[in-house]
Amino acid sequence: MSSQQSTSNKMLNATQGLKNIMGRHFLAIEQAFRDGKPTAWATSGSPVEVLYAMGVQPMLPENSATVSAAQHFSQNFIEKAEEEGYSYDLCSYFKTNVGAVLNNATMIQGGTRSPTFMLSTDVICDTHVNWFQVQAERLNVPHYAIDVPHIVSNTNNRQYNYFKNYVAEQLYELLDFIQEVTGNEYNEEKAQEVSKNSWELSMVWQDIYRLRKNVPCPISTRDTFGGLFPLFTMPGLKAPIRLYKKMYKEAKERVELGIGALKNEKYRLMFEGIPFWYNLKYFGMLERYGAIIVYEPYTYAFSKYMNPNVTKEMVLNNPIEAMAELMLSFWYIYDLETRIKKFAETVKEWKIDGVIMHENLSCRPNSCGLYDLKRHLMDDFDIPCLIINADMNDPRKFNDTQISNQIESFIEILEKRK
Ligand code: SF4
């Protein structure tokens, strides 16, 4: 067994500002209710920028579900939803939200206010659409769903252009829908400002990510797991850009001084999947072995402007078309072939020693293809991989002993390869 290292894992000071930013987001929601301003629930992957551009305050129930888990309320809410007849196997974000609504949970417990309308898309999963269908009916509010076709290995240009137009048309219809429900009109100048901020937020996040290529890595999951929230709750606002710039500056100073987030960095890991929000401190266990996670596709994916066809000019001058293209190229809808290629490239660039994959019992999009991905990475690229079973929001599905044993054995394998 490898000797356990002393932990000196340091969160960036700048990341402390995240609490303020997220606090302001929740205050903005409360303020919108007090002022009678339109509000909307939105699923992750949906075009939240359009909401900001049209004066609608977004709320993301997935974000609230993570709050429930972190505050140890999620299990109660999940069990409440199961009492209502929802299966043990359904998405635990969905059940957390159902239970939170039924229990009239406060925002601190991960509750969400009843919105003016709901906006969902199946870009990441069909659960999102079904979830909002159920809740829109329960809360008696209108629901707009955007259907996004998935690009597969043999999708040709003609089909791709057809898909792009199909998504863009739905986005234009969304503008009409919002105007009809709220009375607010789409303002191109405002849309341009929101798009510019959204672009900049993502670019700084990508810069932060590139700093993680350095050895030792200056940033740990203590900065990124929570740091990702503004990307999907506040794309279009200025405050999170300032936060990310501070994070970047501090991390850059660490790089220049050769300081790592972990004192004795020995193994560099990738973590694929959603973290266990109810037990984030579990990731500290890895660091006792000198292992640090330097890349998470999940937290990187939400920086969304990764499609080289989508330029800044296009985002500023043609935000709807740009959005349609981005929705077709989201990391979580890559086909297996592209996924294998992306993982292999990332492992090389970020100098990763091994990949831990979370087979999430709640989530098909997160779990589908993991065994094929693992097999290809191991056989074709000689990358050590480990699959663990758990759930991002349901602590009942987390077996501490089993996962700890698996990780310990994995670290032994990595040690032998050094
Ligand atoms: S965890 Fe998976 S199934 Fe649940 S909402 Fe997210 S992507 Fe969809």
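A residue is buried if 20 or more other C-beta atoms lie within 10 Å of its own, exposed if 12 or fewer, and partly exposed in between. The exercises below use this rule on a predicted model.

**Exercise 1. Overall build**

Task: State what share of the 418 residues is buried, and find why the protein counts as compact as a globular protein of that length.

Solution:
- Step 1. Apply the burial rule. Of the 418 residues, 46% count as buried.
- Step 2. Take the inventory. The protein has 19 helices and eight strands.
- Step 3. Compare radii. The radius of gyration is 21 Å, and the globule rule gives 22 Å for 418 residues. The two values are close, so the protein is as compact as a globular protein of that length.
- Step 4. Check the box. Along the principal axes, the C-alpha atoms fill roughly 65 × 50 × 45 Å.
- Step 5. Look at the contacts. Take those between residues at least 6 apart in sequence: 76% of them join residues at least 24 apart.

**Exercise 2. The sheet of β1 to β4**

Task: Give the strand order of the open sheet that holds β1, β2, β3 and β4, then place two helices against this sheet.

Solution:
- Step 1. Read the order. The four strands run β2-β1-β3-β4, with parallel pairing.
- Step 2. Find the edges. β2 (57–59) and β4 (143–146) each pair on one side only.
- Step 3. Add the twist. From one strand to the next it averages 25 degrees.
- Step 4. Zoom in on a pair. Strand β3 (residues 117–121) and β4 run parallel and are joined by four bridges. S120 stands opposite A145 in β4.
- Step 5. Place helix α6 (residues 126–139). α6 packs on the sheet and touches β1, β3 and β4. Its direction makes about 165 degrees with that of β3.
- Step 6. Place helix α1 (residues 17–35). α1 lies across β1 (39–42) and β2, at about 125 degrees to β2.

**Exercise 3. The sheet of β5 to β8**

Task: Work out the order of the open sheet holding β5, β6, β7 and β8, and say which strands have a side without a neighbour.

Solution:
- Step 1. The order is β6-β5-β7-β8, with parallel pairing.
- Step 2. β6 (291–295) and β8 (385–390) are at the edges. Each has a single partner strand, so one side of each lacks a neighbour in the sheet.
- Step 3. The twist averages 35 degrees from one strand to the next.
- Step 4. Now the bridges. β5 pairs with β6 over four bridges in the parallel sense. M270 stands opposite Y295 in β6.
- Step 5. β5 also pairs with β7 over four bridges, again parallel. Here E272 stands opposite M357 in β7.
- Step 6. Strand β7 (residues 354–360) joins β8 in the parallel sense through six bridges. H358 has I388 of β8 as its bridge partner.
- Step 7. Add the helices. Helix α18 (residues 370–381) lies across β7 and β8, at about 160 degrees to β8. Helix α19 (residues 400–417) lies across β5 (267–272), β6, β7 and β8, at about 175 degrees to β8.

**Exercise 4. Strand β5**

Task: Which residues of β5 are buried on each side?

Solution:
- Step 1. Recall the geometry. In a regular strand the side chains alternate between the two faces of the sheet.
- Step 2. Sort the residues. Y267, L269 and F271 are on one side, and R268, M270 and E272 are on the other.
- Step 3. Test each side. All of these residues are buried, and both faces are covered. That makes six of six residues in β5.

**Exercise 5. Helix α8 and its partner**

Task: Describe how α8 packs against α11, then say how far K196 is covered.

Solution:
- Step 1. Choose the terms. Two packed helices are described by the angle between their axes and the distance between the axes.
- Step 2. Fill them in. α8 and helix α11 (residues 239–257) meet at about 20 degrees, with axes 9 Å apart.
- Step 3. Classify. Angles under 35 degrees count as roughly parallel, so α8 and α11 are roughly parallel to each other. Their crossing is left-handed.
- Step 4. Name the contacts. Among them, α8 offers L201, V204 and W205, while α11 offers Y244, Y248 and V255.
- Step 5. Turn to K196. This residue is found in helix α8 (residues 188–211). K196 has 17 other C-beta atoms within 10 Å, so it is partly exposed.
- Step 6. Find a distant partner. K196 and G236 are 40 residues apart in sequence, yet 7.1 Å apart in space, C-alpha to C-alpha.

Technical notes: Residues are numbered from 1 along each chain as its sequence is written. This is a predicted model: local features need pLDDT of at least 70, side-chain atom pairs count only at pLDDT 80 or more; totals for chains, interfaces and linings use all residues. Two strands pair if DSSP finds at least two bridges between them. Axes are lines fitted to C-alpha atoms, for helices over the stretch in contact, and angles run from 0 to 180 degrees between N-to-C directions. Two residues are in contact if their C-beta atoms, placed from the backbone, lie within 7 Å. The radius of gyration is taken over C-alpha atoms; the globule rule is 2.2 Å times the number of residues to the power 0.38. Angles under 35 degrees count as roughly parallel, over 145 as roughly antiparallel, 65 to 115 as roughly perpendicular and the rest as oblique. A crossing is left-handed if the near helix is turned anticlockwise from the far one by less than a right angle, and right-handed if clockwise.
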